[in-house]
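Please examine the sequence and the model displayed below. The paragraphs that follow treat the sheet, the helices packed on the sheet, and two loop residues.

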Amino acid sequence: MVLPLVITLVVLLFAWPAGRAAPRDVPVGIVGTGAASQYAVEGLVHEKPGAFDFHLYPDQQAARSAIENRDVYGALAISAHDITVLTAPAASTSVAQLLGEVGQQLADRAARQGAAGTQPSAEIHVRALDVVPVATEDPRGVVFSSAVFPLTICAILIGAFVSTARGLRRPWHRLLTLLVACAAAGLGVYLVAQGFLGALPHDHVATWAVLSLVLISISATAAGLVRLLGQAGLGLSAALMVFVGNPFSGAGSAPEMLPKGVDHVGQWLPPGAGASLLRDTAYFDGNGGSGHLAVLALWSVCGFTAVMFGRRITGQAPGAKTGAMACGASLPPLPTSGVASPDRRHTHAHARRNDDDG
């Protein structure tokens, strides 16, 4: 009975955020404070309550700066005769498409009211401008959103290998191997995403560093949990990162398009924070990424600490004997003429390996 419940829960975690995707307090700029802008805002608040968080800007240049600084996802410049929709598909293709639809809806509503005689003019022109476009090779942002899930899986595999490999006896061996593996994997991901698919066209070194940091934060967490909890730690890290962090990341749309509460949970986990930081770095010169960077750094430091001192934290001393070793040590020594018994040599060898592992 447990397995069907687990499968049901996993499907729910993945399908529910996607099935309930809708704008919730999406930051959007409004250019100007004229009658047309005020009328548009009132109409949007009435038709889509709670969908947008409006910010007023004096002109389009100020709105463009706000978009580039990641303060808003886009802006609407509304006058009596035209509507200019400023979008940033690099921030979210879903939100950019939504703003385009909102601009057209405002124009249609003004046209209907003008035809009814409540407005002086019924002719409204709508124009869309991409302030921060996505890469031309990835116009819908599919490559970007599709990379989060395999990145999470690969990071957990790195953490599992580092925490269980017999050749890595000392904690600092594990830590160094983890860092090198994540840096190499991050470079490989970047070469595929940009070199082959052209989806990350800006700030090459910084983008590679972010990809590596995302891998480090997830793999260090997995390795640290294994160090603390044994094999149960691997299952816990997979459940946390894959089944919660990935569907709650908002990588395919935007955190503000997810159900309330889910958006915050996702951004406090490495997959969500990593996806947001990757957008900020690859397209917005790092603007708005300080909080996401802090989240990844926090998970990484906690993981490193668990890898280095996990056995001591759980109270297992470096020289502690396992049950099998204790049984071997309790055997009476064989009478020999000054030659160490094989059992005792075997016990001492296990003790030395356990000391190295600590």
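How many bridges join strand S1 to S3? Strand S1 (residues 26-31) is joined to S3 by 4 bridges, and the two run parallel. Within this pairing, Gly-29 stands opposite Ala-75 in S3. The model is predicted, with local features requiring pLDDT of at least 70 and side-chain atom pairs pLDDT 80 or more, whereas totals for chains, interfaces and linings use all residues. Residues are numbered from 1 along each chain as its sequence is written, and side-chain values use heavy atoms, leaving out hydrogens and water. Helices (H or I, at least four residues) and strands (E, at least two) are DSSP runs numbered from the N terminus; two strands pair if DSSP finds at least two bridges between them.

Strands of a sheet pair through backbone hydrogen bonds, either parallel or antiparallel. Here, an open sheet of 5 strands follows the order S2-S1-S3-S4-S5, with mixed pairing. Strand S2 (52-57) and strand S5 (125-130) are the edge strands, each pairing on one side only. On average, neighbouring strands of this sheet are turned by 20 degrees against each other, direction ignored.

Helix H2 (residues 35-47) packs on the sheet, touching S1, S2 and S3 (contact: heavy atoms within 4.5 Å). The direction of H2 makes about 130 degrees with that of S3; axes are lines fitted to C-alpha atoms, for helices over the stretch in contact, and angles run from 0 to 180 degrees between N-to-C directions.

Arg-70, in the loop between helix H3 (60-68) and strand S3 (74-78), has a positive phi of about 70 degrees although it is not a glycine.
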